[in-house]
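Colleague: I should be grateful for a close look at a single part of this model, namely its sheet and what surrounds it. How are the strands ordered, and what packs against them?

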Amino acid sequence: MTLDPVAALMLDEAGPLPDRVLVVDDVGGALTRAAVDAGSDVRTWCDDLRDVAHVPPAQRLVAPLTDWTPQLVLWRLPKSLSGVEDYAEQLAAHVDPATRVVAGGRTKHMTPNQNAALGRQFEQVSASLGRQKSRVLHATGARPAAVRWPLRRHLPEVGITAIAHGTVFNTNRLDDGTHLLLRTLARTAGDPVVDPRAFRGVALDVGCGSGIIAAWLAQRGWETTATDVSAFAVASTRLTARANNVSVRVRHADMLAGTGPDSVDLLVSNPPFHIGAAKDSSPTLAMIREAGQVLRPGGELWIVFNGHLPYLGALRRHVGNTTIEAQDRHYIVARALKAPQL
């Protein structure tokens, strides 16, 4: 079994593993396997569906935390401070004061503010020495404090109230790419409808995050489905849809998985180009390759992305006629049209 530097340091800092171990966000499943091999009763929660696939079914938790109380938590820290805050709130509310938390990450993504976030929920917080550009935070003495997450924010620029967990991209804020996409798409998607029976077609928001795009489409009469690999994004999108009194089907899925052929009229996405902290555009390129299959003849794919990413050629090859509908210093909004049936 190969351990990356973060996982190896976490296990060394944890010492002998106790009977009951909770693993949180196990990248590649290595921590879970190591704890199982040590004879512990292990439960693992992963936010990202791609990480869940590496965890044996017997160890998977279907909810972040249950009444099952661990003696030790091995937690792979999220990159964002808001994600650390959110997880720390949930952990402190469900573990015993005697439970030890060993949280590891890459040193370049760790800040003293993470210690402070843990310190609001735990009595004792300390940091390990660094090793191989990795570091561990230790926390004990859970003392649940006021819960902030998920947070609500009204976004008057797009007429949406967003509710999001701390691990979700940009949380409940409107990022510039999404704003440019929706301003541009408004030319064809229409204004919010008054008649709830109005129907413009079937829309799919891929990589839905907090659900801003999905709720915006549903406001305009689109029968909307939203997908994301993140369980917290799925939960956030459901909350956002409810806050805006719209109906959105939300599916925990990797990009277009589970989407039938010729079933979508409008596919909209502000896709990530990171997996964890690493830049990776391959999931979006895979989505573009499959988009032509799920779009109905005459259907459209609208996508916003950083200008340096290699998506335009892929859109033209795999979907159809592609035009740049808007562009600023950072982002491109592209529209790809699948040829109508003759």
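Modeller: Two strands are counted as paired if DSSP finds at least two bridges between them. On that basis, this predicted model contains an open sheet of six strands in the order β2-β1-β3-β4-β6-β5, and the pairing is mixed. The edges are formed by β2 (41-45) and β5 (122-127); each has a single partner strand, so one side of each is left without a neighbour in the sheet. On average, neighbouring strands are turned by 20 degrees against each other, direction ignored.

Within the sheet, β4 (residues 100-106) and β6 (residues 134-142) run antiparallel and are joined by six bridges. In this pair, Val-101 stands opposite Ala-139 of β6. Helix α1 (residues 5-14) packs on the sheet, where it touches β3 (72-76), β4 and β6. The direction of helix α1 makes about 155 degrees with that of β4.

As for the nonpolar interior, the largest core has 32 residues. Those with the most contacts inside this core are Val-158, Ile-212, Leu-217, Val-248 and Val-268. Helix α7 (residues 212-219) supplies the largest share of the core, seven residues. Leaving aside residues up to four places away in sequence, Leu-217 touches Leu-185, Ala-203, Trp-222, Thr-224, Leu-266 and Val-268. There is also a second, separate core, which has 28 residues, including Leu-77, Leu-137, Ala-231 and Ala-233. Of these, Leu-137 falls within the residue range of β6.

Conventions: Residues are numbered from 1 along each chain as its sequence is written. This is a predicted model: local features need pLDDT of at least 70, side-chain atom pairs count only at pLDDT 80 or more; totals for chains, interfaces and linings use all residues. Side-chain values use heavy atoms; hydrogens and water are left out. Helices (H or I, at least four residues) and strands (E, at least two) are DSSP runs, numbered from the N terminus. Axes are lines fitted to C-alpha atoms, for helices over the stretch in contact, and angles run from 0 to 180 degrees between N-to-C directions. Contact means heavy atoms within 4.5 Å. A nonpolar core is a set of buried Ala, Val, Leu, Ile, Met, Phe, Trp, Tyr and Cys residues joined through side-chain atoms within 4.5 Å. Buried means under 20% relative accessible area, exposed over 50%, partly exposed in between (1.4 Å probe, protein chains only).
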